[in-house]
Amino acid sequence: QVQLVESGGGLVQPGGSLRLSCAGSGFTWNYYTIGWFRQAPGKEREGVSYIPSGGSPVYADSVQGRFTISRDNAKNTVYLQMNSLKPEDTAVYYCAASITPTMRSSAYNRWGRGTQVTVSS
């Protein structure tokens with residue numbers, strides 16, 4: 001059974017940090033690019049970052065320099081370290097898997113259920 005499970009979300013003050021984790025199972029992890037997406041209330045889902053297996057990470061302009069994505073293939077896990085968080089980062093964050101290294105969400109056919117990140121004082 002294919003599964004992606006996110007964890008690490010929560011409530012944090014502006015300027016704070018969180019680290020999200022995405023654990024995968026049921027598919028050949030090393031073949032896939034893993035991406036992070038987010039969706040805020042009333043807004044469309046947007047790409048945040050992705051990391052190919054053995055490739056270089058890519059970031060959306062809105063998070064460049066603040067977020068860092070990394071992967072541990074031995075643990076089938078991808079991490080998203082989020083620093084200098086802003087209220088506009090508030091959203092449900094999803095991880096997803098794709099054969100294609102891309103920020104297009106339509107290319108991802110395996111999705112987690114999401115974890116809530118709220119940035120507020």
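**Group meeting: a buried ring pair, an aromatic cluster and one disulfide**

Let me begin with Phe27, which has a relative accessibility of 13% and therefore counts as buried, since the cut-off for that word is under 20%. I should say at once that this is a predicted model, and that every value I quote is computed from it.

Phe27 brings us to the aromatic residues, among which there are six pairs by the rule used here. In one of these, the ring centres of Phe27 and Tyr32 lie 5.1 Å apart with the planes at 85°, and because an angle over 60 degrees counts as edge-to-face, that is what we call this pair. Tyr32 is buried as well, its relative accessible area being 10%.

Turning to another group of rings, Phe37, Tyr94, Tyr108 and Trp111 come together as one aromatic cluster. What sits over the ring of Tyr94? It is the charged end of Arg45, at 4.4 Å from the centre of that ring, and the charged end of Arg45 also sits over the ring of Trp111, again with 4.4 Å to the centre.

Phe37, from that cluster, also leads us into the strands, for it stands opposite Gly47 in S5. Strand S4, residues 33-39, pairs with S5 in the antiparallel sense, and there are five bridges between them. The two strands make a hairpin with six residues in between, and in that turn Gly42 has a positive phi of about 75°. Strand S5 itself, residues 46-51, is mostly covered, with five of its six residues buried.

On its other pairing, S5 runs antiparallel to strand S6, residues 58-59, over two bridges, and Tyr50 has Val58 in S6 as its bridge partner. Here too the strands form a hairpin with six residues between them, and the turn contains Gly54, whose phi is positive at about 80°.

Finally, I would like to come to the cysteines. How many disulfides does the structure hold? There is one, formed by Cys22 and Cys95 with their sulfur atoms 2.1 Å apart. This pair links distant parts of the chain, since Cys22 belongs to strand S3, residues 18-25, and Cys95 to strand S9, residues 91-98, with the two cysteines 73 residues apart. The torsion about their S-S bond is about 70°, which is why the disulfide is described as right-handed. Are these cysteines buried or exposed? Cys22 has 0% relative accessibility and so counts as buried, and Cys95, also at 0%, counts as buried too.

Conventions
Residues are numbered from 1 along each chain as its sequence is written. This is a predicted model: local features need pLDDT of at least 70, side-chain atom pairs count only at pLDDT 80 or more; totals for chains, interfaces and linings use all residues. Side-chain values use heavy atoms; hydrogens and water are left out. A disulfide is a pair of cysteine sulfur atoms within 2.5 Å. Helices (H or I, at least four residues) and strands (E, at least two) are DSSP runs, numbered from the N terminus. Buried means under 20% relative accessible area, exposed over 50%, partly exposed in between (1.4 Å probe, protein chains only). Rings of Phe, Tyr and Trp (its six-membered ring) pair if their centres lie within 6.5 Å; planes under 30 degrees apart count as stacked, over 60 as edge-to-face and the rest as tilted. A charge sits over a ring if NZ of Lys or CZ of Arg is within 6 Å of the ring centre and within 35 degrees of the ring normal. Two strands pair if DSSP finds at least two bridges between them.
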